[in-house]
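Grab a coffee and open the viewer. Here are a few short exercises to work through, each with its solution spelled out.

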Amino acid sequence: MFTYTCLSVLIKKKLSKRGQLVITSTLIALSFFMSIRFHALSYTSYTFVVLAILLIIAQFVLKVNWLSQFYTTYLVLLLPFIIVNGLLTGTGLANPVVWYNPLHIIGLRILTIPFEDIFYGMDLILLNVMIYSAINSNIYQRSKTLKQQTTGPL
């Protein structure tokens with residue numbers, strides 16, 4: 001959330017609404033495809049179903065305006081994610097700290113990181129940004145209402 005907030009302040013340029021919609025729709029379609037194609041692999045299927053649901057809620061139900069900032073933040077966070085997750089899954093280690101059952105993943109790996117983890121990480125961060133944004137919006141609305149009540153009409 002710190003990275004998301006800092007990048008939101010530092011990077012003012014956003015994707016166009018159309019660009020955001022294209023990326024989001026592509027991720028939703030990819031997620032549904034992956035969840036159907038690998039429906040027998042629980043980790044893969046759940047990861048992609050959750051991502052599709054979160055993106056649908058953000059883009060089409062809540063109609064948020066911060067998805068392009070989220071995508072930028074996630075791209076920045078991928079580097080430390082790959083380093084830390086790579087170490088946890090065994091990159092450079094004799095034995096991995098975290099082990100994945102091959103019966104539940106597709107088997108494609110980036111270094112030693114299961115492919116699905118990239119999107120599982122997106123699930124986690126997206127859900128946190130959704131919660132954070134909702135809380136901030138509620139705090140802002142309450143603050144605005146309180147100011148109007150204390151100052152009264154002019």
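Helices here are DSSP runs of H or I with at least four residues, and they are numbered from the N terminus. Keep in mind that you're looking at a predicted model.

**Exercise 1. Work out which helix holds V84, and whether V84 is buried or exposed or in between.**

Step 1: Find the helix. Residues 67-88 make up helix α4, and V84 lies in that stretch.
Step 2: Get the cut-offs straight. Buried is under 20% relative accessible area, exposed is over 50%, and partly exposed is in between.
Step 3: Place the residue. V84 has a relative accessible area of 47%, so it's partly exposed.
Step 4: Look at the company V84 keeps. There's a nonpolar surface patch made of L79, I83, V84, L87, L88, L93, V97 and V98. Together these residues have about 690 Å² of accessible area.

**Exercise 2. Describe the overall fold and say how the radius of gyration compares with that of a compact globule.**

Step 1: Count the elements. You should get five helices and two strands.
Step 2: Put them in order. Starting at the N terminus, they run α-α-α-α-β-β-α.
Step 3: Check the radius of gyration. The protein has 19 Å, whereas a compact globule of 154 residues would come out near 15 Å.
Step 4: Look at the dimensions. The C-alpha trace spans about 70 × 30 × 25 Å along its principal axes.
Step 5: Turn to burial and surface. Buried residues are 34% of the 154. The protein exposes about 9900 Å², with carbon and sulfur atoms supplying 70% of that.

**Exercise 3. Track down the aromatic pairs and classify the one formed by Y4 and Y132.**

Step 1: Know what to look for. A pair of aromatic rings is described by the distance of the centres and the angle of the planes.
Step 2: Count. With ring centres within 6.5 Å as the rule, there are seven aromatic pairs.
Step 3: Classify. Y4 and Y132 sit 6.3 Å apart, centre to centre, with 90° between the planes, and that's edge-to-face.
Step 4: Ask what the pair connects. Y4 is in helix α1 (residues 2-10) and Y132 is in helix α5 (residues 115-151), so the pair ties together parts 128 residues apart in sequence.
Step 5: Check burial. Y4 is buried at 7% relative accessible area, while Y132 is partly exposed at 27%.
Step 6: Try another pair. F70 and Y74 are stacked, at 6.2 Å centre to centre and 25° between the planes. Being four residues apart in helix α4, they're separated by about one helical turn, and both are buried.
Step 7: Finish with a cluster. Ring pairs link Y43, Y100 and Y120.

Conventions
Residues numbered from 1 in each chain as written. Predicted model: local features only at pLDDT ≥ 70, side-chain atom pairs only at ≥ 80, totals over all residues. Heavy atoms only, no water. Patch = residues over 30% accessible without salt bridge, like charges linked within 9 Å, V, L, I, M, F, W, Y side chains within 5 Å. Areas by Shrake-Rupley, 256 points an atom, 1.4 Å probe, with all protein chains shown as cover. Salt bridge = Lys/Arg side-chain N within 4 Å of Asp/Glu carboxyl O. Buried < 20%, exposed > 50% of the residue type's maximum accessible area, 1.4 Å probe, protein only. Rg over C-alpha atoms; globule rule 2.2 N^0.38 Å. Phe/Tyr/Trp six-rings, centres within 6.5 Å; stacked < 30°, edge-to-face > 60°.
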